[in-house]
Amino acid sequence: MIIPGILFPGHDHGLQTRNIPPLNYSTLMARFRIVARFRWMHLSILLLSLSLVLPAAAATPTRFDTVAGQADAARTANHIPDAIRLYREATRLNSAWADGWWYLGSLFYDQDRFSEAAPAFQHLLDNPKYRGSAHAFLGLCEYETGQYDEALAQFRAWAGAPWAGTPELRNVGYYHFALLLTRDGKFTESLALVTWMVPRMGDNHAIAEAMGLASLRLRYMPENYPPELRERIWLAGKAALYAQMAPRQFERAEEFAARLVTRYAGQPEVHAVRAMLYEIEEKKAEAELEYREELKISPSHVPALVALAGMDLDKAGTAEAGVFARKAIDVEPNHAEAHHLLGRVLFANGDLEASVKELEIARQLAPKSSGVRAHLAMVYSRLGRLQEAKAESTAFVALKSKADAAAAQRMKSLGEPTTPVQDLSGKTREKTN
């Protein structure tokens with residue numbers, strides 16, 4: 001999903017744009033008339049004479065030039081109050097000065113003045129130089145001021161930007177993005193983000209807490225979940241975290257998962273957490289048993305229903321797989337994978353017309369799923385709809401190639417593990433001067 005330039009805090013981004021004063025055209029033309037009397041003079045002499053005029057005309061600074069230079073100097077000298085005052089004045093004089101808005105927002109942000117930083121970053125959302133980072137920092141500001149829906153929208157815009165920013169910004173931004181996705185009920189997306197962070201961050205308490213909330217499908221923020229859930233969240237989060245470490249530490253993950261099940265066996269989501277761990281370990285039989293235990297506690301648990309439908313299909317058990325897939329659709333009609341699985345069940349049973357309807361629904365809900373496009377191509381081909389089959393095959397190849405390239409880019413972007421950030425629940429301390 002994720003996210004490649006833009007320049008970020010801690011850099012001077014080249015020369016600032018300045019308003020160049022108008023040339024003195026009367027002086028310029030007088031000089032030209034003198035030269036014109038001597039038509040034998042080489043053109044280079046004419047150009048030289050013009051060059052004597054241009055610097056003199058451009059040398060007089062405007063009020064904006066003066067204030068902008070003073071603002072940069074104050075920031076460099078770490079005179080923060082003066083720098084803020086001067087950047088405010090400079091951006092009033094020239095509202096198009098992107099660097100000024102960037103430094104103003106960054107300085108407010110570093111002072112925890114989030115409500116004042118936000119308007120500065122808003123000026124940069126359409127600026128190609130700062131767009132990605134501006135969305136991220138605006139999202140962080142809105143998170144800090146409790147504007148969670150607005151913050152989530154900014155993080156989603158950030159995810160669509162061509163570059164995610166510095167490692168520090170990615171760490172803090174993805175962490176808060178994941179928390180907001182959990183609050184919004186997008187548990188799978190949230191886990192995908194924090195899972196990406198684990199190899200970089202290591203055994204980090206904040207990451208474990210975020211993984212615990214998403215794994216248990218609890219729509220809470222870290223600061224407001226009930227105290228009685230703390231141990232359950234911690235155990236689930238530690239199990240998920242150790243399963244995703246580099247290298248994976250399944251033995252430690254199993255230890256926390258076992259404690260979770262022992263203490264909270266009758267609580268919803270607990271068996272599903274252990275089942276997901278078994279799936280990561282490729283222990284399919286154990287995972288299936290845990291998912292079935294989850295259904296005893298939560299009969300309408302869609303992830304368990306979908307997982308069991310897929311497992312039954314792998315064993316050619318289409319009857320039960322169909323039951324699980326249909327029940328998942330009854331509970332969550334817009335679940336793309338449930339429609340995909342039901343389409344596969346119907347295809348295996350020879351009901352091609354019903355199969356293609358389910359797969360077309362799945363394609364509408366998840367147009368970027370290469371698996372859905374591959375199965376649609378197969379069904380279209382069997383139905384003799386060859387042109388549509390060819391189109392779906394082409395889409396499958398393109399999506400698969402794009403997904404492989406994105407996976408390679410994610411692996412490349414991981415790089416070497418960074419020094420763990422001790423407090424991801426706070427704000428990024430990315431330097432701006």
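Start with the aromatic rings: this predicted model holds 16 aromatic pairs. Select Y109 and F137 to see one of them, an edge-to-face pair with 5.0 Å centre to centre and 85° between the planes. Those two values are the usual description here, since a pair of aromatic rings is described by the distance of the centres and the angle of the planes.

Now show the helices around that pair. Y109 belongs to helix 5 (residues 98–110) and F137 to helix 7 (residues 131–144), so the contact ties together parts that are 28 residues apart in sequence.

Are these two rings buried or exposed? Switch on a surface and look for them. Y109 has 1% relative accessibility, so it counts as buried, the cut-off being under 20%. F137, at 3% relative accessibility, counts as buried too.

Next, widen the selection to W102, Y109, F114, F121, Y130 and F137: together they form one aromatic cluster.

Then pick Y103 along with R75. Here a charge joins the picture: R75 lies over the face of the Y103 ring, 3.7 Å from the ring centre.

For the last stop, move to the second largest pocket. Which residues line the second largest pocket? Select A336, E337, L365, A366, K368, S369 and V372 and you have its lining. The volume of this pocket is about 320 Å³. Try colouring the lining by class: you should get four nonpolar, one polar and two charged residues. The polar one is S369, while E337 and K368 are the charged ones.

Definitions and conventions. Residues numbered from 1 in each chain as written. Predicted model: local features only at pLDDT ≥ 70, side-chain atom pairs only at ≥ 80, totals over all residues. Heavy atoms only, no water. 1 Å grid on protein atoms, 1.4 Å probe; cavity = no way out; pocket = protein on both sides within 12 Å on 5 of 7 lines; lining within 4 Å. Points joined across faces, edges and corners; volume = space filled by probe spheres on them. Phe/Tyr/Trp six-rings, centres within 6.5 Å; stacked < 30°, edge-to-face > 60°. Helix = DSSP H or I, 4+ residues; strand = E, 2+ residues; numbered from the N terminus. Buried < 20%, exposed > 50% of the residue type's maximum accessible area, 1.4 Å probe, protein only. Lys NZ or Arg CZ within 6 Å of the ring centre and 35° of its normal.
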